Amino acid sequence: MNSRSKNIKNSYLGNFFYDKSVKSVKFSIQVFYIFVTMGKAIGIDFGLKRTGISISDDLCIIATPLKTVLSSELMQFLQTMVLSENIETIVLGFPLGLNGADTDVTQNVRLLNMALEKEFPLQKIALFDERMTSKIAQKTLIQGASKKKRKQKGLIDQMSATIILQDYLNSNS
């Protein structure tokens, strides 16, 4: 065995040490595979008429807007997404006023939370403070979107869901 081979077998690569044991290398690869294939997260900005949905990447680092659905069709949409996208976490925006008091939608979100916990017992359901997300989403759209897109209320819902999910991911990283 030449010196170059020894260095490779005993070198450090990312979070994994390679040593002379093949079992150790296999274990490291298995741990890496589990880390890479963890489930995604979905963000929800619930409204009485429409609900904005966002989704994370496989590593739960980046949130992106996904879709706006009618609130009456939300559960059916989530059932499909949880199965098709390997969803592990559902982050539900929790609406509170600036003073911390309930808003007109807070009780509906509590009921939705209970329904999600019952419908998806294997997924983590997280309530996350959504104060100011709609305002931030509107400002973001004003800065970067065309006039036609700014008037689409569904787009604001998607952006709000994305902000909720990204804030959640950042707080858990």
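This passage describes a sheet, the helices that pack on it, and one further helix in a predicted model.

The sheet is open and is formed by five strands, which follow one another in the order E5-E4-E3-E6-E7. The pairing within the sheet is mixed. Strand E5 (63–70) and strand E7 (124–129) lie at the edges, and each of them pairs on one side only. From one strand to the next, the twist averages 25 degrees. In general, the strands of a sheet pair through backbone hydrogen bonds, in either a parallel or an antiparallel manner.

Both senses of pairing can be followed strand by strand. E4 and E5 are antiparallel and are paired over seven bridges. E3 and E4 are also paired in the antiparallel sense, over four bridges. Strand E6 (residues 87–94) pairs with E7 in the parallel sense, and six bridges are found between them. Opposite glycine 93 stands phenylalanine 128 of E7.

Isoleucine 53 takes part in the pairing on two sides. The residue is the bridge partner, in E4, of isoleucine 44, and its own bridge partner in E5 is lysine 67. Six of the seven residues of E4 are buried, so the strand is largely enclosed by the rest of the structure.

Two hairpins involve E4. The hairpin that joins E3 to E4 does so through four residues. The hairpin of E4 and E5 has six residues between the strands, and cysteine 60 takes a positive phi near 55 degrees there. Aspartate 57 is found in the loop between E4 and E5 as well. With a relative accessible area of 27%, aspartate 57 is partly exposed, because this value falls between the 20% limit for buried residues and the 50% limit for exposed ones. When neighbours within four places in sequence are left aside, aspartate 57 is in contact with Lys40 and Ile62. The C-alpha atom of aspartate 57 is separated by 8.7 Å from that of glycine 39, although the two residues are 18 residues apart along the chain.

Two helices pack on the sheet. Helix H3 touches strand E3 (40–45), strand E4 (50–56), E5 and E6. The direction of H3 makes about 140 degrees with that of E5. Helix H4 touches E3, E6 and E7, and its direction makes about 165 degrees with that of E6.

H3 and H4 also meet each other. Two packed helices are described by the angle between their axes and by the distance between the axes. The axes of helix H3 (residues 74–84) and helix H4 (residues 106–119) come within 12 Å and cross at roughly 35 degrees. The crossing of H3 past H4 is right-handed. On the H3 side the residues that meet H4 are Leu74, Met75, Leu78 and Gln79, and on the H4 side they are Leu112, Ala115, Leu116 and Glu119. Sorted by class, this contact has six nonpolar residues, one polar residue and one charged residue.

A further helix, H7 (residues 153–171), has 19 residues. At 1.5 Å a residue the helix should span 27 Å, and its end C-alpha atoms are 27 Å apart, which agrees with the expected span. H7 is mostly covered, as 14 of its 19 residues are buried.

Key:
Residues numbered from 1 in each chain as written. Predicted model: local features only at pLDDT ≥ 70, side-chain atom pairs only at ≥ 80, totals over all residues. Heavy atoms only, no water. Expected span 1.5 Å × (residues − 1). Buried < 20%, exposed > 50% of the residue type's maximum accessible area, 1.4 Å probe, protein only. Axes fitted to C-alpha atoms, helices over the stretch in contact; angles between N-to-C directions. Left-handed = near helix turned anticlockwise from the far one by under 90°. Contact = heavy atoms within 4.5 Å. Nonpolar A, V, L, I, M, F, W, Y, C, P; charged D, E, K, R; others polar. Pairing = 2+ DSSP bridges.
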